[in-house]
Amino acid sequence: MRMRKLVAAAVPLPALLCLSLTGVAHADPLVTLSGNAAPLAASARTGDTDAGQRITAALSLKLHNQQALQQFLADVQNPASPKYHHFLTPQQFNAAFGPTQAEADQAVKFLEQNGATGIKVSGNRQAVTFSGTAAQLESTFHTGIGNYLDSVTGRKFFANDAAPALPKAVSSVVDSVVGLDNHGVKQHSAATKAPREVKAVTPPILQSAYGTGDLSATGAGVNVGFVEFDGYDKADIAAYDSKYNLKAGSVNTVSVNGADYDSNPGEGETEVDLDLEVVHALAAEADSYVYEAENSSAGELAMYQQIASDKKVSVVSISWGACEAAEGASAANSVDKAISTGAAEGISYFAAAGDDGTTDCARQSGSKDKAVDFPASDPNISGVGGTELSVDSSNGYSGEVAWNDGASGGAGGGGISTIFDAPSWQSKQSTTKRKVPDVSADAAQGSAYTVVSGGQTGNVWGTSGAAPLWAAFTVLQNQVHGGSLGNLNEKFYSIGNGSDYGTGFNDVTKGNNDFNGTTGFSAGTGYDQVTGWGSFKGSGLSGLIG
């Protein structure tokens, strides 16, 4: 099971549209945000978007001292640095790196002068969400907004025809405009019933097989967050806890910009249930914060920024995403700033690497070109691939192979980013671009997760189960080690490249992620682009992380 996210783009308009809504010509020359063209793939423009159609979008504001920020992110995970694990508060981050209040006010004033409504500034001032009609946004950003038809999938959507342009003074504080399209809808491939015989995994199996039962940790005192674009029924979570005699912490919904899904959950309800219940399987006593936002690029950005500015949680599980080509570089880099902020504050992020092998765009655009999933490809996130878990008669670990159920069920995502450069800790993997996944865990039909959703018990599989499993393990580590751990990737790669690799990880050496007729990567000794470093050995990895 895997959630997806789509995206899109824009045709220059006549010079008369260089007038603001007030009818006053901009004194500043215009600056085109060149990286902000919407990715249209094989799509045809079918006409103009209705002038009165309301669109919610966002401005992503520039950070300061970005080179110093990158150095801090390296130092805070370097045991030899005096800054090791000296994470920042949101206030400290804002003072050192965030947009100033004056810069946020400048962006707000620009939007107000151009007729935007519903303007909301994120708590860390990095994102300004707003709403306007298509005509208003065309005038404000000097681009047409057209209706498009995806010739491969048949999906209709609207998108900006060209990269937006801003007055020079405003462009000095704005990195990108996010949300001038609705091709950014997250998809999912929920599977609630396995089509073949399965040995479904339950909390006792997961605790035994992955060795967390000896940790004497329950998640108590730790807050875990979830990125969601749909709702859930607390009765399902309570029923799961009751079924497995789990003593659970609180479950809380955090609405982002007024999103309200819980009163009437949609098709993504099973995803939310899976995420929560898998975390409960290992770390039930943690308090859960379910962030819910509008399923759009603007909603996505607002959610990640709110998670960072709230700093309520120290671990985040992410099972929704998009192939990088659909996400687009500007949207991905905007979200990356929010993730970097969270990492500087000590938040650990885990994201599903996808269920389509190396052809991550296949469900969104029909493309079978090699692609990876975002946000799993973000260097400040641990991307989680998939395995098929085998256990013995006592539920002990007896092995894993790379998850590949083929067309009937999917294969673990993996490959090379086209957006992000390789971080320093991946240098031994001989790459100039970021590779994913970093780690992996159970994701197969044959070892599907038992969940309660919509009042019924069923089995669900995919990297959407593997990501919250790693998040749950990290919740336990926060409790064991007495605090936040932040981005664990550098630690994972240090362990993987060292003599303690076999103590901390189950190395998965068999299988591949060939999918959709495309040859992918094969699992092998050590790191690979199917299973990363492998799955966790609970007590073994715990002793190496702190």
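This passage describes sheets, helix packing, cavities and unusual backbone sites in a predicted model.

Strands of a sheet pair through backbone hydrogen bonds, either parallel or antiparallel. One open sheet in this model has four strands, in the order 4-5-3-9. Their pairing is antiparallel. Strand 4 (117-121) and strand 9 (174-178) stand at the edges. Each has a single partner strand, so one side of each is left without a neighbour in the sheet. From one strand to the next, the twist averages 20 degrees.

Strand 3 (residues 54-61) and strand 9 run antiparallel and are joined by four bridges. Within this pair, Leu-59 has Val-177 of strand 9 as its bridge partner. Two helices meet these strands. Helix 4 (residues 134-141) packs on the sheet and touches strand 3, strand 5 (127-133) and strand 9. The direction of helix 4 makes about 125 degrees with that of strand 5. Helix 9 (residues 297-310) lies across strand 3, strand 5 and strand 9. Helix 9 runs at about 45 degrees to strand 3.

Helix 4 also takes part in a cavity. The second largest cavity has a volume of about 30 Å³. Its lining includes Phe-130, Ser-131 and Gly-132, as well as Gln-136, Leu-137, Thr-140 and Phe-141. Leu-111, Asn-114, Gly-115 and Ala-116 also belong to the lining. Strand 5 and helix 4 are the elements that give two or more residues to this lining. Helix 4 gives the most, with four residues. By class, the lining has five nonpolar and six polar residues. Charged residues are absent from the lining of this cavity.

A second open sheet has three strands, in the order 2-6-7. Here too the pairing is antiparallel. Strand 2 (43-48) and strand 7 (156-160) are the edge strands, and each pairs on one side only. The twist averages 40 degrees from one strand to the next. Strand 2 pairs with strand 6 (residues 145-150) over five bridges, in the antiparallel sense. Ser-43 has Asp-150 of strand 6 as its bridge partner.

Helices also pack on each other. Helix 7 (residues 234-243) and helix 8 (residues 269-283) pack at an angle of about 35 degrees. Their axes are 10 Å apart. The crossing of helix 7 and helix 8 is right-handed. On the helix 7 side, the contact involves Asp-236, Ile-237, Tyr-240 and Asp-241. Helix 8 contributes Glu-269, Asp-273, Leu-276, Glu-277, His-280 and Ala-281. By class, the residues of this contact are four nonpolar, one polar and five charged.

The largest pocket has a volume of about 670 Å³. It is lined by 27 residues. Those closest to the centre of the pocket are Gln-70, Asp-336, Ser-340, Pro-379 and Asn-380. Four elements give two or more residues to the lining: helix 1 (66-75), strand 9, helix 11 (329-344) and strand 21 (415-421). Helix 11 supplies the largest share, seven residues. The lining of the largest pocket has eleven nonpolar, eleven polar and five charged residues. Strand 9 thus appears twice in this account, as an edge of the four-stranded sheet and in the lining of the largest pocket.

A hairpin is formed by strand 17 (residues 382-391) and strand 18 (residues 397-402). The two strands pair in the antiparallel sense over five bridges. Leu-389 stands opposite Glu-400 in strand 18. Five residues lie between the strands of this hairpin. Asn-395 in the hairpin takes a positive phi near 65 degrees.

Most residues other than glycine have a negative phi, and most peptide bonds are trans. Several sites in the model depart from this pattern. Ser-216 is not a glycine, yet its phi is positive, about 55 degrees. Ser-216 lies in the loop between helix 6 (203-209) and strand 10 (223-228). A cis peptide bond joins Phe-374 and Pro-375, with omega about 20 degrees. Pro-375 is found in the loop between strand 16 (373-374) and strand 17. Another cis peptide bond joins Val-436 and Pro-437, and there omega is about 0 degrees. Pro-437 sits in the loop between strand 22 (433-436) and strand 23 (439-442).

Technical notes:
Residues are numbered from 1 along each chain as its sequence is written. This is a predicted model: local features need pLDDT of at least 70, side-chain atom pairs count only at pLDDT 80 or more; totals for chains, interfaces and linings use all residues. Side-chain values use heavy atoms; hydrogens and water are left out. Two strands pair if DSSP finds at least two bridges between them. Axes are lines fitted to C-alpha atoms, for helices over the stretch in contact, and angles run from 0 to 180 degrees between N-to-C directions. Contact means heavy atoms within 4.5 Å. On a 1 Å grid over the protein atoms alone, a cavity is a set of points where a 1.4 Å probe fits but cannot get out, and a pocket is an open set with protein on both sides within 12 Å along at least five of seven lines; lining residues have an atom within 4 Å of a point. Grid points are joined across faces, edges and corners, and a volume is the space filled by probe spheres set on the points. Ala, Val, Leu, Ile, Met, Phe, Trp, Tyr, Cys and Pro count as nonpolar, Asp, Glu, Lys and Arg as charged, and the others, Gly among them, as polar. A crossing is left-handed if the near helix is turned anticlockwise from the far one by less than a right angle, and right-handed if clockwise.
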